[in-house]
Amino acid sequence: MENPTSTLSRKINLLSEEVYNRIAAGEVVERPASVLKELIENALDAAATEIDITVAGGGQSEITVNDNGSGMAKADLLLAFERHATSKVTSVNDLAAIHTLGFRGEALSAIASVARLEATSSMQEALSGHRLKMAGGKVIDLIETGAPTGTTISVKELFFNTPARKKFLKSRSVENSHLLTVFKRFALSYPDIRWSYVSDGKDVYRLPPETLENRLQAIFSEELGNLIFPVQLEDDGILVSGFIGAPKLARKSRGDQFLFVNRRWVQNRPLGFAVLSGFGPLIEDRRFPFYVLFIDIDPELVDVNVHPSKSEVKFRNEHEIYNIVHRGVRQALQKAGMDATRNYAVSPEEKVDPTTGEILPRPLDSRLPHTSPQQGFTFPLPQQNKMPLEGYQIAFQPEAKQATDVQDADSLRQASNGEIERTQVYQFHQRYVVTELKNSIAIIDQHAAHERILYEKALRALNGGKMHSQQLLFPRIMEVSPDRAVLLRDVLEDLQALGIDIKEFGERSFVVEALPAGVKESGDDRIVLDILDELREKGIARKPGHEKLAAAFACRAAIKFGKSLSLPEMNSLIDQLFATQYPFSCPHGRPTILQLTLGELERRFGRS
Amino acid sequence: MKFKVAQEPFLQGVAKVSGVVPSRTPLTFLYNIHAELKGNTLTLTASDGDVFLITSIEVEGQKDGSVLVPARPLQDLLKELPGAEIELEISPEQHLLLSTAKGQFTIPGEDSSRYPSAPQEKPDNKIQFSADDLKKILDQTTFAVSHDELRPALTGLLLQFTEDELRSVATDGHRLVKLVKNKPADGGEAIEVIVPLRTLNLLQRNLEYSKSVEVFLATNRVVFTTEDLTITSKVVEGKFPAYDAVIPKENPNLLSFDIVPFMAAVRRVSIFANQINRLVVISLSPEEIKVSAEDPDSGRKGQESVEGIYDGDPIDIGYNAQYLLEALRHMPGGKAQIKLGSATSAGVMTPEKQDQGTDLLMLLMPIRLQ
């Protein structure tokens, strides 16, 4: 047997600088969007006031960022693409007070190591500039050339020498939407800069320097209208500013939420939650408010060096910031005449805490029989036969079995055919429909059940059946973002089959003329955006299959928890559910019905 | 504050304004009625923050003052004191001390300075209505007002005064009512406002007991005054859609029928409609007029021939039964007609005989049949 140590030592070779760079690149250059981010940060750090971006082929063929910033001299140009060559951090002390955006230094060299790169730069008052060409991290050419002040960095054939990474890239449209997301973050954070963004030869954005409010309108053309409210609150040296959207702008996904700390886009869950809590009950469950918020704070109090992609931040005094954000949002809503402490959705028995907007637990005395020893109406607890605590817990375990086998199905079908009369139907907590069957109680999840019904209907419609649609008196014109427009065009015909009569009305405009009859509350064209969001959440950026689209439609059009149903509506829901092919689960596979049988009840009451 | 008053007028006054008191609000002072005594006039105000109801009653005043008093217990007590002579006084700690010949009752009140005050001045633009006329306008239009908070401009009734007409328009995007009336002789300038449905409902309740109503309009505020009640309300902000553009001018196919039997048939057939989309189909040909509904999910179906005259191309057109029935119900009696274009365009329903000086029109968008 060989000595293991010697085997190992023979196989270890020193990595070359080049390979080392490529590995490091993996950390920073995850996908085309990360390249774009680095290049833009570079331009911003050079104090540019005009930034033009060109991308092609989802960023794989080309990402070019052109700025009018301070430019680089010949030596700097070379240095910029060397690992850890950065003009920004000269001593360790500097790290404590980072004011610029890109400080890690390795970014440009990392990019250079995995692409073909061309950088042209010229400094102000310089007679000429320089052009550097590199491929896979190696300098190919460096010439003197005439160039306007500023820097143009063009990254082509990204990952040409790292096929493994290339394989992990998503489709062009997915990468395109990542690129756009990165662009949007910067465009929002720097409204004072003139931006342009061209993708595959098409003008996507041309943004003049403008106020933040105008920038918002330009970026999210989707009916922001007068539905955004300014936030401005300063406390203890921390300034929260920006805009929040009216509750009705809230979406099913987090897509339209932007948080910046010292103008740097960041992710920070607690702060996202602070915003949400500021809205209180104004926002429905599982909807996400629109916001673009800026936090200005002493850089000493923030740690941005948490992750190489620099999107996570840590605050020294998180709780305080949380508080200011929460108050800022609440104040903005109040100024807009909306009271986040008012709860519109609680049932009459529930009470709302006037300061926090939270639903308070019901006072104990309203749940228990009123007891008053003086009057003699007490309910003494059984001393001898006290219910053992264990038994009590068992009795409340949700053990009811899911109706899946054929027998159950038949008995339920009979029930819906009227062979067994549904004597009692009622709604529980505006969420579940409870009905009595021959030998059991059936509990139906109203959303999942309706989802199943709509899913099968939608599938039939998509396969040629078509749905009835209620014509609208006033066609609704919808403006959508460029990435949504791409997806929407792909599903246009299918949406028509689903009863959503929608047509193109310009580059990013669409007109809705009819909506599925009886599917949703009147005139709610949010369904279109909801479907797009659902598809995007599932990672679908281009033409989805019929099943996927039907599932997205069903999910977003189905009645929600919290919707109260009339008796005929509940009966119709049950009838329709059992008329479906697979009544027992929703398209996502969750159960639609739970059954609590008589036998089960008897067992639990200790009768058998 | 101290005064004497008989139970009946006091209760009536309280009841008039308490309709607006919200049942649940975090602004707890809104649970109160604001009572203010000046000389022999007691002014009662209640509000939900958006709408103010104000009424005055004559009392035997002894000492001026004002207080906030919770509406519910006051009204409950007054109901149980029929025929009583009441003496009311506010204690220094803002308690309401009510005494009758035999009883003493204490209701803790609050300092009145917290209460929001209704804008005092009335807008200049004034139009006078008889209560009956206004009631009729509201009865025929408000049912079509939208409840969709996503489109605020549709959640009220558009009142549009021109040189010589008053147009009242309501729509929820699926149907529309337009009622044009000759302007009352005593009419103000041209103006338009959207009045919230809630305000109109509060007004409707009080019109029963009134003879005439003065309406004061400003672009941000509307005030209705009857003999004994003033309603001040904010208006709905937003732009009402260009409704005239969607009213078809040239619908060539004409259906006319007696409203009562037609409605009865639709109501019967609608039992068989799909409970979710409520789709009923009207099949029209010069030979036969047929109403039908079918719910493939349950296998139920029904159809019925109805009397009427149809002049036009054969056409099958689908409607939401609820919209159709509500439109029919708000037509004046007798005969009505529907002018139709295609199976996907708006049908125009009008009464065969318009009331004098009135032009009533309802639009119904069909459900597209597949």
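Two residues count as being in contact when heavy atoms of the two lie within 4.5 Å. With that in mind, let me begin with chain B of this predicted model. Among its contacts between residues at least 6 apart in sequence, 65% join residues at least 24 apart. Chain B has six helices and 27 strands, and buried residues make up 54% of its 370 residues.

One residue of chain B may serve as an illustration. B:T232 belongs to strand 17, residues 230-234. With a relative accessible area of 4%, B:T232 is buried. Setting aside residues up to four places away in sequence, B:T232 touches B:D50, B:V51, B:F52, B:P119, B:R221, B:V222 and B:V223.

A salt bridge within chain B also deserves mention. B:K178 pairs with B:D244, the closest N and O atoms being 3.4 Å apart. B:K178 lies in strand 13 and B:D244 in the loop between strand 17 and strand 18, so the pair ties together parts of chain B that are 66 residues apart in sequence. B:K178 is buried, at 11% relative accessibility, whereas B:D244 is partly exposed, at 32%.

I turn now to the interface. How many residues does the contact take from each chain? It takes 35 residues from chain B and 34 residues from chain A. Together the two chains bury about 3,000 Å², of which 56% is on carbon and sulfur atoms. Eight residue pairs are in polar contact between chain B and chain A, counting pairs with both residues at pLDDT 80 or more. On the chain B side, strand 13 (175-182) and strand 27 (367-368) each supply at least two of the residues that touch chain A. By class, that side of chain B has 18 nonpolar, nine polar and eight charged residues.

Which side chains form the one salt bridge found across this interface? They are those of A:D501 and B:R368, with an N to O distance of 2.8 Å. The pair is also part of a network of salt bridges that links A:D501, A:K503, A:E513 and B:R368. B:R368 appears again in the strand pairing between the chains: in strand 27 of chain B, B:R368 is the bridge partner of A:S469. Strand 22 of chain A, residues 469-479, and strand 27 of chain B run antiparallel and are joined by two bridges.

Within chain A, I would first draw your attention to two helices. The side chains of A:R536 and A:D483 meet in a salt bridge of 3.2 Å, N to O. A:R536 lies in helix 16 (residues 526-537) and A:D483 in helix 15 (residues 482-497), so this pair ties together parts of chain A that are 53 residues apart in sequence. A:R536 is partly exposed, with a relative accessible area of 30%, while A:D483 is buried, at 12%. A further salt bridge joins A:D533 and A:R484, with the closest N and O atoms 3.2 Å apart. This pair also links helix 16, through A:D533, to helix 15, through A:R484, across 49 residues. A:D533 is buried, at 1% relative accessible area, and A:R484 is buried, at 3%.

Helix 9 of chain A, residues 269-279, has buried residues A:L271, A:G272, A:A274, A:V275, A:S277, A:G278 and A:F279. These pack against strand 10, strand 11, strand 13, strand 15 and helix 10 of chain A. A:G280, which follows helix 9, has a positive phi, near 55°.

Next, the backbone. Most residues other than glycine have a negative phi. A:E157, which is not a glycine, has a positive phi of about 50°. A:E157 lies in the loop between strand 6 and helix 6 of chain A and is partly exposed, at 40% relative accessible area. A:R263 likewise is not a glycine and has a positive phi, of about 70°. A:R263 is placed in the loop between strand 11 and strand 12 of chain A.

A positive phi of about 45° is found at A:D200, in the turn of the hairpin formed by strand 7 and strand 8 of chain A. Those strands pair in the antiparallel sense over five bridges, with A:Y197 opposite A:Y205.

I close with A:T151, in strand 6 of chain A. Is A:T151 buried or exposed? A:T151 is buried, with a relative accessible area of 4%, and its side chain makes a polar contact of 2.9 Å with that of A:S121.

Terms used
Residues numbered from 1 in each chain as written. Chains lettered and ligands numbered in written order. Heavy atoms only, no water. Buried area = accessible area lost by both parts, 1.4 Å probe. Salt bridge = Lys/Arg side-chain N within 4 Å of Asp/Glu carboxyl O. Polar contact = N/O pair within 3.5 Å; in protein donor to acceptor, adjacent residues only side chain to side chain. Helix = DSSP H or I, 4+ residues; strand = E, 2+ residues; numbered from the N terminus. Nonpolar A, V, L, I, M, F, W, Y, C, P; charged D, E, K, R; others polar. Pairing = 2+ DSSP bridges. Buried < 20%, exposed > 50% of the residue type's maximum accessible area, 1.4 Å probe, protein only.
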